[in-house]
Amino acid sequence: MNLNTLGLAHFFIEQHVSPGDLCIDATAGKGRDTALLCRLVGGRGKVIAFDIQEDAMRQTAELLAREGLSERAELHLESHENMAQYAENDTISCIVFNFGRLPGGDPQVFTRADSSVEAVRQGLELLKPGGVMSLSIYYGGPNGYDERDALLAFLRTVDDRRYSVLLSEWANRPGEPPLSAFIWKDA
Ligand SMILES: C[S@@+](CC[C@H](N)C(=O)[O-])C[C@H]1O[C@@H](n2cnc3c(N)ncnc32)[C@H](O)[C@@H]1O
């Protein structure tokens, strides 16, 4: 496992996604999470991926094509706050969020508190029993702290009779290292 936030998320995802699963990448970006999910779900599975930037959709589509994974993904130029329109409740094995901005993309476009919290709220219902969610929370700089604070406040309210929520932080890393959150829906 790579000892960084992406490595931690991928390690978690690899433990929980199986061939034939239906998964969601809520922030496709350069497509690295979408590609990982596509590899894990195999030829019988499906990955639904969202991003609001055309450039991100293009980069994701190109990565999937290079890796021969295009058939396993549905790409939607759409805000993740509308993800409930694309899947039924209790059907999704894994939902991945990688909050922040597209590296090298438009610096004005980044995930925002209101839409992020709404997307996580919908995602919790879409998860099947035993399903999981991985959230990598980048914050600070021009993005500020609103989104991080709103997400953390929301996560602390999630019904503990239906979900387990784990927060983790890099305690001795300088600057503003990203936070990770992992959610399990009760089986
Ligand atoms: C940190 S990047 C994601 C990186 C990506 N997971 C990867 O593997 O390369 C965050 C992405 O979220 C996208 N984004 C911002 N607001 C969004 C929204 N409301 N719905 C979906 N995607 C959004 C940005 O365009 C950006 O591409």
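1. Start with the outer face of helix α1. On the side turned away from its buried residues, α1 exposes Gly-7, Glu-14 and Gln-15. The model is predicted, and every point below should be read with that in mind.

2. Now the inner face of α1. Its buried residues are Thr-5, Ala-9, His-10 and Ile-13. They sit on the same side of α1, because they cover an arc of only 125° around the axis. An α-helix has 3.6 residues a turn, so residues three or four places apart point the same way. The cover over the buried residues of α1 includes α2, β4 (92-99), β5 (127-137) and β7 (179-185). The helix runs over residues 5-16, 12 residues in total. From first C-alpha to last, α1 reaches 17 Å, close to the 16 Å expected at 1.5 Å a residue.

3. Helix α5 (residues 146-155) can be read in the same manner. Which of its residues are buried? They are Glu-147, Arg-148 and Leu-151. Seen down the helix axis, the buried residues of α5 fall within an arc of 100°, so they line one face. Asp-149 and Ala-153 are exposed on the other side of α5. Among the elements covering the buried residues of α5 are β4, α4 (113-126), β5 and β7.

4. Helix α4 comes next. Ser-116, Ala-119, Val-120, Gln-122, Gly-123, Leu-124 and Leu-126 are its buried residues. Their cover includes β4, β5, α5 and β6. The length of α4 agrees with expectation: at 1.5 Å a residue its 14 residues should span 20 Å, and the end C-alpha atoms are 20 Å apart.

5. On the core: the largest nonpolar core has 46 residues. Which of them touch the most other members? Cys-23, Leu-37, Ile-92, Cys-94 and Ile-95 do. In soluble globular proteins, nonpolar side chains tend to be buried together. Cys-23 deserves a look. Beyond its neighbours within four places in sequence, Cys-23 is in contact with Val-17, Leu-37, Val-41, Val-47, Ile-92, Ser-93 and Cys-94.

6. Follow one of those contacts to Val-47. This residue lies in strand β2. Is Val-47 buried or exposed? It is buried, because 28 other C-beta atoms lie within 10 Å. Leaving out residues up to four places away in sequence, Val-47 touches Cys-23, Asp-25, Thr-34, Leu-37, Cys-38, Val-41, Arg-72 and Ala-73. Val-47 and His-76 are 29 residues apart in sequence, and their C-alpha atoms are 11 Å apart in space.

7. Ala-73, one of the residues Val-47 touches, lies in strand β3. Ala-73 counts as buried, with 24 C-beta neighbours inside 10 Å. Its contacts, not counting residues up to four places away in sequence, are Thr-34, Cys-38, Val-47, Ala-49 and Leu-64. Thr-34 is 39 residues from Ala-73 along the chain, yet their C-alpha atoms are separated by 7.8 Å.

8. The ligand site. How many residues surround the ligand? There are 22, and the closest are Gly-29, Lys-30, Arg-32, Asn-98 and Leu-102. Two elements, α2 (32-41) and β2 (46-51), give two or more residues each to this shell. By class, the shell holds 6 nonpolar, 10 polar and 6 charged residues.

9. One backbone angle to check. Most residues other than glycine have a negative phi. Asp-90 has a positive phi, near 65°. Where is Asp-90? It is in the loop between β3 (73-77) and β4. Asp-90 counts as exposed, because it has 12 C-beta neighbours inside 10 Å and the cut-off for exposed is 12 or fewer.

10. Two further loop residues. Asp-159 is in the loop between α5 and β6 (163-168). With 9 other C-beta atoms within 10 Å, Asp-159 is exposed. The C-alpha atoms of Asp-159 and Leu-77 are separated by 31 Å, with their positions 82 residues apart along the chain. Trp-170 is found in the loop between β6 and β7. Trp-170 is partly exposed, with 16 other C-beta atoms within 10 Å. Trp-170 and Arg-112 are 58 residues apart in sequence and 23 Å apart in space, C-alpha to C-alpha.

Note on methods. Residues are numbered from 1 along each chain as its sequence is written. This is a predicted model: local features need pLDDT of at least 70, side-chain atom pairs count only at pLDDT 80 or more; totals for chains, interfaces and linings use all residues. A nonpolar core is a set of buried Ala, Val, Leu, Ile, Met, Phe, Trp, Tyr and Cys residues joined through C-beta atoms within 7 Å. A residue is buried if 20 or more other C-beta atoms lie within 10 Å of its own, exposed if 12 or fewer, and partly exposed in between; C-beta atoms are placed from the backbone. Two residues are in contact if their C-beta atoms, placed from the backbone, lie within 7 Å. A residue is near a molecule or strand if its C-beta atom, placed from the backbone, lies within 6 Å of it. Helices (H or I, at least four residues) and strands (E, at least two) are DSSP runs, numbered from the N terminus. Ala, Val, Leu, Ile, Met, Phe, Trp, Tyr, Cys and Pro count as nonpolar, Asp, Glu, Lys and Arg as charged, and the others, Gly among them, as polar. The expected span of a helix is 1.5 Å times one less than its number of residues. The arc is that of the directions from the helix axis to the C-beta atoms.
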